[in-house]
Every structure is written in C-alpha cells, then in structure tokens.
Amino acid sequence: LFFVAELSWGALVPPPQGYLLVAADAYIFVGSAVATWAQGRALVDFWIIWVAVDLVGVPLAFSSGLVVSGAVYGVFFVLVLIGFFNWLKEYRSRAVLVPKEAV
C-alpha cells in the first residue's frame with residue numbers, strides 16, 4: 001500500500017532499494033502507532049517498541065539527508081532510553097519492597 005499509493009518517498013526510488021525504504025517507512029509508521037496505543041493503555045512494552053522504531057528511524061533519517069529529523073528522533077531515542085531505565089529502576093525498587101505473599 002505504501003509503495004503503490006506512493007505514501008512513502010521511497011516509492012520514487014527504483015527497486016530493490018525503493019522497496020526497502022518503503023518497508024522501513026511502513027515499519028516506522030506501524031511501530032509508532034502500536035507504541036502510542038500501548039503507551040495510552042499504560043502497557044510497559046511501549047518502551048521497547050519505541051526503541052525498536054528509533055533504531056530504524058534515526059539511521060534512515062540521517063541516510064536520507066534529513067539531518068534535523070534524525071537529530072530530533074535521536075533526542076527522542078535518548079529520552080526513551082532514560083525513561084525506560086528510570087522506569088525499570090523504580091519497578092525493581094518497588095518489587096523489593098513488596099513481599100511475594102502480598103501479591
């Protein structure tokens with residue numbers, strides 16, 4: 001759909017590289033939607049999804065010449081990592097305080 005409808009700039013690039021760029025755009029789109037949904041539902045997994053999205057999005061932006069977008073998403077990536085590790089630290093500290101019998 002992204003390739004046929006030219007919803008991605010990668011659709012203008014000849015195959016096979018165009019297919020890979022469109023697939024990366026679709027991956028980022030779907031991953032962002034799933035991460036946003038998971039975050040709205042207060043699911044812990046959203047941290048990992050954002051990391052997976054940024055691991056593709058940041059290099060793609062820089063390799064495409066979108067330096068500002070790559071930098072912005074790079075900052076988001078760092079914020080996600082900081083948030084995840086802060087959450088993990090908080091979770092582990094609470095797990096130590098709550099006895100297993102109480103759960």
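This passage walks through the fold, the main pocket and a few local contacts of a predicted model.

The overall architecture is a convenient place to begin. The secondary structure of the chain consists of three helices and zero strands, and from the N terminus on the elements follow the order α-α-α. Of the 103 residues in the chain, 28% are buried. The UniProt record, an unreviewed entry, places the feature "transmembrane region" at residues 18-37, 44-62 and 68-88. Two of these annotated spans can be set against the model itself. Residues 18-37 are 100% helix and 0% strand, and the C-alpha atoms at the two ends of the span lie 29 Å apart. Residues 68-88 are likewise 100% helix and 0% strand, with 30 Å between the end C-alpha atoms.

Between helix 1 and helix 2 runs a loop, and Ala-42 has its place there. The backbone of Ala-42 deserves a look: its phi is positive, at about 60°, although the residue is not a glycine. As background, most residues other than glycine have a negative phi. Ala-42 is also exposed, since its relative accessible area is 64% and the cut-off for that class is over 50%.

Several pairs of residues show how parts of the chain that are separated in sequence come together in space. Ala-35, placed in helix 1, is buried, with a relative accessible area of 0%. Its C-alpha atom lies 5.6 Å from that of Ile-49, although 14 residues separate the two in sequence. Gly-57 belongs to helix 2 and is buried as well, at 13% relative accessible area, a value that falls below the 20% limit for this class. From Gly-57 to Phe-29 the C-alpha distance is 9.8 Å, across a sequence separation of 28 residues. A further pair involves Ala-71, which lies in helix 3. Ala-71 counts as partly exposed, with 39% relative accessibility. The C-alpha atom of Ala-71 is 7.5 Å from that of Val-58, and the two residues are 13 apart along the chain.

Attention now turns to the empty space in the model. Rolling a probe the size of a water molecule over the atoms shows where such space is left. The largest pocket has a volume of about 230 Å³. It is lined by 13 residues, and those closest to its centre are Ile-28, Gly-57, Leu-60, Ala-61 and Tyr-73. Helix 1 (17-40), helix 2 (46-63) and helix 3 (67-97) are the elements that each give two or more residues to this lining. Helix 2 gives the most, with five residues. In chemical character, the lining of the largest pocket divides into seven nonpolar, four polar and two charged residues. Gly-57 thus appears twice in this account, as a buried residue and as one of the residues closest to the centre of the largest pocket.

Aromatic side chains offer another set of contacts. A pair of aromatic rings is described by the distance of the centres and the angle of the planes. A search of the whole structure finds five aromatic pairs. In one of them, the rings of Phe-84 and Phe-85 have their centres 5.4 Å apart and their planes at 65°, so this pair is edge-to-face; the angle passes the limit of over 60 degrees for that class. Ring pairs also join Phe-84, Phe-85, Trp-87 and Tyr-91 into a cluster.

Charged side chains complete the picture. One salt bridge is found when the whole structure is searched. It links Glu-90 with Arg-94, and the closest N and O atoms are 2.9 Å apart. The two partners are four residues apart in helix 3, so about one helical turn separates Glu-90 from Arg-94. Their surroundings can be described by accessibility. Glu-90 is partly exposed, with a relative accessible area of 40%, whereas Arg-94 counts as exposed at 54% relative accessibility.

Key:
Residues numbered from 1 in each chain as written. Predicted model: local features only at pLDDT ≥ 70, side-chain atom pairs only at ≥ 80, totals over all residues. Heavy atoms only, no water. 1 Å grid on protein atoms, 1.4 Å probe; cavity = no way out; pocket = protein on both sides within 12 Å on 5 of 7 lines; lining within 4 Å. Points joined across faces, edges and corners; volume = space filled by probe spheres on them. Nonpolar A, V, L, I, M, F, W, Y, C, P; charged D, E, K, R; others polar. UniProt positions renumbered as here; feature names shortened; annotations may be inferred. Phe/Tyr/Trp six-rings, centres within 6.5 Å; stacked < 30°, edge-to-face > 60°. Buried < 20%, exposed > 50% of the residue type's maximum accessible area, 1.4 Å probe, protein only. Salt bridge = Lys/Arg side-chain N within 4 Å of Asp/Glu carboxyl O.
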